[in-house]
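Let's take a walk through this model, starting with a helix and ending with some charged side chains. Have the structure open as you read.

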Amino acid sequence: MSFWDGLWRGRSTDYESGSAATNSIELTKRHPTVSLSKQGAATGNLRVNLSWQMRTSDLIGKPRGGGLLRHPLQMFRPEPVQAHTQSMVNVDLDLGCLYELADGDKGVVQPLGHFLGSLNSPPYVKGSGDDRFGSGSGETLYVNLDHREAIKRLLVFVYIYDQTPAFDRTHAKVTLYPSNGPRIEIDLDERQPQARSCAVVSIENVKDELIVRREVKFVYGFQAELDRLYGWGLQWGRGYKSKVG
């Protein structure tokens with residue numbers, strides 16, 4: 001087998017087997033749910049991470065004419081380095097979580113308004129704070145599953161603070177890291193250029209079983225519209241962030 005046969009043959013198979021090799025579960029439209037309880041991962045702290053980066057087309061422009069199929073040696077040429085654009089700096093995705101507890105208490109954990117929650121007392125959900133530029137660590141929520149019996153349902157969502165629709169210009173991913181077992185990945189891969197918020201994943205306590213479900217529902221408004229969509233019934237007001245120094 002030549003070098004080129006090895007390069008082009010069976011690429012889809014490599015990607016299909018990648019999830020098992022990297023110890024991850026990808027939730028998709030066809031396979032939207034997973035049970036943390038059946039995975040033996042319904043205890044300890046569940047880490048929920050949001051990370052994003054700009055789409056390649058926004059960083060390096062259009063692909064070189066013809067692509068690799070017509071010019072295979074281009075894969076060995078370094079890409080030109082481009083400065084970050086102003087549009088990239090302005091993309092400010094935030095991670096939040098609506099919660100409903102077994103006793104009927106409802107609320108939100110999010111950077112906006114500094115509603116960061118608490119890990120060892122209700123709502124047993126805590127946010128890490130605000131990452132405004134999509135750094136490698138991104139934004140993180142922690143859920144204390146040792147108090148899972150007190151949690152009825154959670155809805156993890158992502159929103160764009162500055163009101164500039166930008167989901168079509170980002171590669172965003174939410175990853176759940178249980179205390180045991182494989183991580184769970186949800187890509188925000190549906191291009192919704194006018195959307196400002198997205199319900200990403202829900203976690204629901206169903207007869208003492210914690211079920212994780214992919215949602216990925218984009219809306220054109222903010223938290224209040226997600227609230228109406230999922231029937232939370234909270235009262236919302238306008239919030240602001242402090243300026244970056």
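This is a predicted model, and a good place to begin is the packing around α7: its buried residues sit against β4 (93–101), β9 (151–160), β12 (197–206) and β13 (209–219). Which residues of α7 are the buried ones? Within the helix, which spans residues 223–230, they are Gln223, Leu226, Asp227 and Tyr230. Because these residues cover an arc of only 105° around the axis, they end up on the same side of α7. Right after the helix comes Gly231, with a positive phi near 70°.

Now for the charges. Searching the whole structure turns up eight salt bridges. Glu190 is a handy one to click on, since you can follow it to Lys29, where the closest N and O atoms are 3.7 Å apart. That pair links distant parts of the chain: Glu190 is in the loop between β11 (183–187) and β12, Lys29 is in the loop between β1 (24–26) and β2 (33–35), and 161 residues separate them. Lys29 counts as exposed because its relative accessibility is 63%, and the cut-off is over 50%.

Glu190 also forms a salt bridge with Arg214, this time with the closest N and O atoms 3.3 Å apart. Arg214 belongs to strand β13 and Glu190 to the loop between β11 and β12, so this pair ties together parts 24 residues apart in sequence. With a relative accessible area of 11%, Arg214 is buried.

Elsewhere, salt bridges with shared partners join Lys173, Arg183, Glu185 and Asp187 into one network. Inside it, Glu185 and Arg183 meet at 2.8 Å, N to O. Glu185 counts as buried at 12% relative accessibility, while Arg183, at 23%, counts as partly exposed.

Methods: Residues are numbered from 1 along each chain as its sequence is written. This is a predicted model: local features need pLDDT of at least 70, side-chain atom pairs count only at pLDDT 80 or more; totals for chains, interfaces and linings use all residues. Side-chain values use heavy atoms; hydrogens and water are left out. Buried means under 20% relative accessible area, exposed over 50%, partly exposed in between (1.4 Å probe, protein chains only). Helices (H or I, at least four residues) and strands (E, at least two) are DSSP runs, numbered from the N terminus. The arc is that of the directions from the helix axis to the C-beta atoms. Contact means heavy atoms within 4.5 Å. A salt bridge is a side-chain nitrogen of Lys or Arg within 4 Å of a carboxyl oxygen of Asp or Glu.
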